[in-house]
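Here is my note on the model you sent round. The points are numbered for easy reply.

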Amino acid sequence: MTDDAAQFFASYLHNKWFSSGDDNNSASYNDNNSNGEESGDNINCGDNNDFQGSVEGILIFLSIEDRVCFISSGDSISLILPWWRLERVVDDMKEDLRKRNYGDAIIGAIENIADMINDGPP
């Protein structure tokens, strides 16, 4: 339930702030298991058309208390950052998130995303 709420909230924010169309790319991580084991990964798609125009962005949502991370990107960048590349970014964040190195996790995610954008489409 927490993962769904985080995903909804992150998608809502992304669509409100950045989206000009469908949000086709997202990846999330939820680690609510107290023994440190991963309790679930979700890859999901959603859509919303709140804005008109071409403002696009990438949203990295992190809820420390709920142990949830969600990354969402807009349509114009979907050729460069499809859902499976965003999933890879989230996977790379997991070790730092488990160690509570939240800043390192975010910086690493930004660096990974920047590298993928600079490299272009897969």
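Which residue of β4 does Ile 58 stand opposite?

1. Ile 58 faces Ser 73 across the strand pair. A caution before going further: this is a predicted model. Another opposed couple is Ile 60 and Ile 71, the latter in β4. The two strands, β3 and β4, run antiparallel, and six bridges join them.

2. Look next at the two sides of β3. Leu 59, Phe 61 and Ser 63 make up its covered face. Ile 58, Ile 60 and Leu 62 lie on the uncovered one. In a regular strand, side chains alternate between the two faces of the sheet. The uncovered face of β3 therefore includes Ile 58 and Ile 60, the residues set opposite Ser 73 and Ile 71.

3. β4 reads differently on burial. Six of its six residues are buried. Val 68, Phe 70 and Ser 72 point one way. Cys 69, Ile 71 and Ser 73 point the other way. Both sets are buried.

4. Now the turn. Arg 67 sits in the loop between β3 (58-63) and β4 (68-73). The hairpin has four residues between its strands, and Arg 67 takes a positive phi near 55 degrees there. Is Arg 67 buried, partly exposed or exposed? Its relative accessibility is 30%, so Arg 67 counts as partly exposed; the partly exposed class runs between the 20% and 50% limits.

5. Arg 67 also gives a link to the helices. Its C-alpha atom is separated from that of Leu 97 by 8.2 Å. Along the chain, the two residues are 30 apart. Leu 97 belongs to α2 and is among the residues there that meet α3.

6. How do α2 and α3 pack? Helix α2 spans residues 83-98 and helix α3 residues 102-119. Their axes lie 8 Å apart, at an angle of about 155 degrees. That angle makes α2 roughly antiparallel to α3, the cut-off being over 145. The crossing is right-handed.

7. The helix contact itself deserves a residue list. From α2 come Arg 85, Val 89, Asp 92, Met 93, Asp 96 and Leu 97. From α3 come Tyr 102, Asp 104, Ala 105, Ile 106, Ala 109, Asn 112, Ile 113 and Met 116. By class, this contact of α2 with α3 holds nine nonpolar, one polar and four charged residues.

Conventions: Residues are numbered from 1 along each chain as its sequence is written. This is a predicted model: local features need pLDDT of at least 70, side-chain atom pairs count only at pLDDT 80 or more; totals for chains, interfaces and linings use all residues. Side-chain values use heavy atoms; hydrogens and water are left out. Axes are lines fitted to C-alpha atoms, for helices over the stretch in contact, and angles run from 0 to 180 degrees between N-to-C directions. Angles under 35 degrees count as roughly parallel, over 145 as roughly antiparallel, 65 to 115 as roughly perpendicular and the rest as oblique. A crossing is left-handed if the near helix is turned anticlockwise from the far one by less than a right angle, and right-handed if clockwise. Contact means heavy atoms within 4.5 Å. Ala, Val, Leu, Ile, Met, Phe, Trp, Tyr, Cys and Pro count as nonpolar, Asp, Glu, Lys and Arg as charged, and the others, Gly among them, as polar. Buried means under 20% relative accessible area, exposed over 50%, partly exposed in between (1.4 Å probe, protein chains only). Two strands pair if DSSP finds at least two bridges between them.
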